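Biologist: I'd like a close look at a single part of this model, please. Could you walk me through one strand and what surrounds it?

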Amino acid sequence: MRALPAVTGRAEFDALVVRTDYLDDQAWQEVAASLMEPWGDRQYEADVHFIDDPVWSGATVDEVLTAVRGDDSLAVVFLADRTTMQAKSHPLLAVTTLTREECVDEEDYEQLTEFGCDFRTIPARLHEVHANLSIGNLGFEEFAAWAHDDPEGIFRSF
């Protein structure tokens, strides 16, 4: 596993989006532009911290998680990977930063990761996922369950 640079400069409430695929700049521009659109019923400003550096090209989920481990306020990280770039809806991979060590016991960890440690979400829903996880309104497992119920495995809405 390669060492990636530490993520710096992210404001506490900014969603973290890491670009890991560099084969389609046009697709990336579409993803980034959609993530900067106002969101929610009150048209909130989009607060996103982008990692757009080819050193992250091909980074695995484990490599990204290792690089962000020092950020205690980060509940989820979003990857713009090959699937994101190729699929029409550009679904990003949402990955929980939760570790087994942060849980009360193995049963707690299994319950919180029942539907896995990642799921996909369309760009228009990234902010809802990030905001709800940041304030503890909903848990990662709830979003993962909704994605699990979608025929394509993507969280699209509540």
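To get us going: which residue in E3 stands opposite Arg 19?

Modeller: Happy to help, and please keep in mind that this is a predicted model. The residue you are after is Ala 80, which stands opposite Arg 19. That pair belongs to the contact between strand E1 and strand E3 (residues 76-80), which run parallel and are joined by three bridges.

Let's stay with E1, which spans residues 15-19. Five of its five residues are buried, so the strand is largely enclosed by the rest of the structure. Buried here means under 20% relative accessible area. In a regular strand, side chains alternate between the two faces of the sheet. In E1, Ala 15, Val 17 and Arg 19 lie on one side, with Leu 16 and Val 18 on the other, and both faces are covered. Arg 19, the residue you asked about, is thus listed among the buried ones.

Now look at the other neighbour. Strand E2 (residues 48-51) also runs parallel to E1, and four bridges join the two. Within this pairing, Leu 16 stands opposite His 49 of E2. The path between these strands involves helix H1 (residues 25-35): E1, H1 and E2 make a right-handed β-α-β unit.

Stepping back, you can place E1 in the whole sheet. The sheet is open, has six strands with mixed pairing, and follows the order E2-E1-E3-E4-E5-E6. E2 and strand E6 (154-155) stand at the edges with a single partner strand each, so one side of each is left without a neighbour in the sheet. Towards the E6 end, strand E5 (residues 118-121) pairs with E6 in the parallel sense over two bridges, and Thr 121 stands opposite Phe 155 there.

One end of E1 also takes us to a pocket. Ala 15 is among the residues that line the second largest pocket, together with Phe 13, Trp 39, Glu 45, Asp 47, His 127, His 130, Ala 131, Ser 134 and Ile 135. This pocket has a volume of about 160 Å³. Helix H5 (residues 123-135) gives the most to its lining, with five residues. Sorted by class, the lining has five nonpolar, three polar and two charged residues. So, as you rotate the model, Ala 15 is a handy residue to follow: it is buried on one side of E1 and also lines this pocket.

Methods. Residues numbered from 1 in each chain as written. Predicted model: local features only at pLDDT ≥ 70, side-chain atom pairs only at ≥ 80, totals over all residues. Heavy atoms only, no water. 1 Å grid on protein atoms, 1.4 Å probe; cavity = no way out; pocket = protein on both sides within 12 Å on 5 of 7 lines; lining within 4 Å. Points joined across faces, edges and corners; volume = space filled by probe spheres on them. Nonpolar A, V, L, I, M, F, W, Y, C, P; charged D, E, K, R; others polar. Buried < 20%, exposed > 50% of the residue type's maximum accessible area, 1.4 Å probe, protein only. Pairing = 2+ DSSP bridges. Right-handed = clockwise from strand over helix to strand, strands pointing away.
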